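Hi everyone, thanks for coming. I'd like to walk you through a structure that may be new to you, so have it open while I talk.

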Amino acid sequence: QVQLVESGGGLVQPGGSLRLSCAASGSFGSIKAMGWYRQAPGKQRELVASVTSGDTTNYAEAVKGRFTISRDNAKNTVYLQMNSLKPEDTAVYYCNALLYKGGYYDSWGQGTQVTVSS
């Protein structure tokens, strides 16, 4: 079993910054990719950013140039640095991991609230 524990959410003013962290623990084989998704009230969950084990990154158009995803393979941790935050970034942010142990499967964190408001 794998556990993904997120931290770093909170309330920030427009233009501010937050850094989210997600640490994987447990027995999970190997991590192929990790990413962040978000879900705003009344909207579908959407990909924000992802990074593969080979450090290939992918970003949603809405966050390009403002958000940076990175990972520490030794710590099985992924980070999301969010700068120049906008009210439309308000959502619950979920960590996701694509794992391999005899086959591919994914796991989700419990979510962390990010609120951008003055």
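I'll go through the core, one residue in a strand, the aromatic rings, and then two loop residues. Before that, please keep in mind that this is a predicted model.

Okay, the core. Which residues touch the most other members of the largest nonpolar core? There are 30 residues in it, and the answer is Trp36, Leu80, Met82 and Tyr93. As for where the core comes from, quite a few strands chip in with at least two residues each: S1 (2-7), S3 (18-26), S4 (30-39), S5 (46-52), S7 (67-72), S8, S9 (91-100) and S11 (112-116). The one that gives the most is S9, with 5 residues. As a bit of background, nonpolar side chains in soluble globular proteins tend to be buried together.

Let's zoom in on Leu80. If we skip its neighbours within four places in sequence, Leu80 is in contact with Leu18, Arg19, Leu20, Trp36, Val48, Ala49, Phe67, Thr68, Ile69 and Tyr93. Two names there should ring a bell, because Trp36 and Tyr93 were on the list of core residues that touch the most other members.

Now slide over to Thr77, in strand S8, which covers residues 77-82. Is Thr77 buried or exposed? It's buried, because its relative accessible area is just 8%, and the cut-off for buried is under 20%. Its side chain has a polar atom 2.9 Å from the backbone oxygen of Lys75. Again leaving aside neighbours within four places, Thr77 is in contact with Cys22, Ala23, Met34, Ser70, Arg71 and Asp72.

On to the rings. How many aromatic pairs does the count come to? It comes to 2. One is Tyr37 with Trp108, an edge-to-face pair at 4.9 Å centre to centre with 65° between the planes. Tyr37 lies in strand S4 and Trp108 in strand S10, residues 104-108, so this pair ties together parts that are 71 residues apart in sequence. Tyr37 counts as partly exposed at 24% relative accessibility, and Trp108 is partly exposed too, at 34%.

The other pair is Tyr100 with Tyr104, also edge-to-face, at 4.8 Å centre to centre and 65° between the planes. Here Tyr100 is partly exposed at 35%, while Tyr104 is exposed, with a relative accessible area of 58%.

Stay with Trp108 for a second and look for Arg45. Arg45 lies over the face of Trp108, 4.7 Å from the ring centre. The charged end of Arg45 also sits over the ring of Tyr94, at 3.7 Å from its centre.

Last stop, the loops. Where is Asp55 found? It's in the loop between S5 and strand S6 (57-59). Asp55 has a phi near 70°, a positive value in a residue other than glycine. At 51% relative accessibility, Asp55 counts as exposed, because the cut-off for exposed is over 50%.

Ser84 has a positive phi as well, near 50°, and again that's in a residue other than glycine. You'll find Ser84 in the loop between S8 and S9. Ser84 is partly exposed, with a relative accessible area of 40%.

To wrap up, if you take away one picture, make it the 30-residue nonpolar core, with S9 giving the most to it. Thanks for listening!

Technical notes:
Residues numbered from 1 in each chain as written. Predicted model: local features only at pLDDT ≥ 70, side-chain atom pairs only at ≥ 80, totals over all residues. Heavy atoms only, no water. Helix = DSSP H or I, 4+ residues; strand = E, 2+ residues; numbered from the N terminus. Buried < 20%, exposed > 50% of the residue type's maximum accessible area, 1.4 Å probe, protein only. Polar contact = N/O pair within 3.5 Å; in protein donor to acceptor, adjacent residues only side chain to side chain. Contact = heavy atoms within 4.5 Å. Core = buried A, V, L, I, M, F, W, Y, C linked by side-chain atoms within 4.5 Å. Phe/Tyr/Trp six-rings, centres within 6.5 Å; stacked < 30°, edge-to-face > 60°. Lys NZ or Arg CZ within 6 Å of the ring centre and 35° of its normal.
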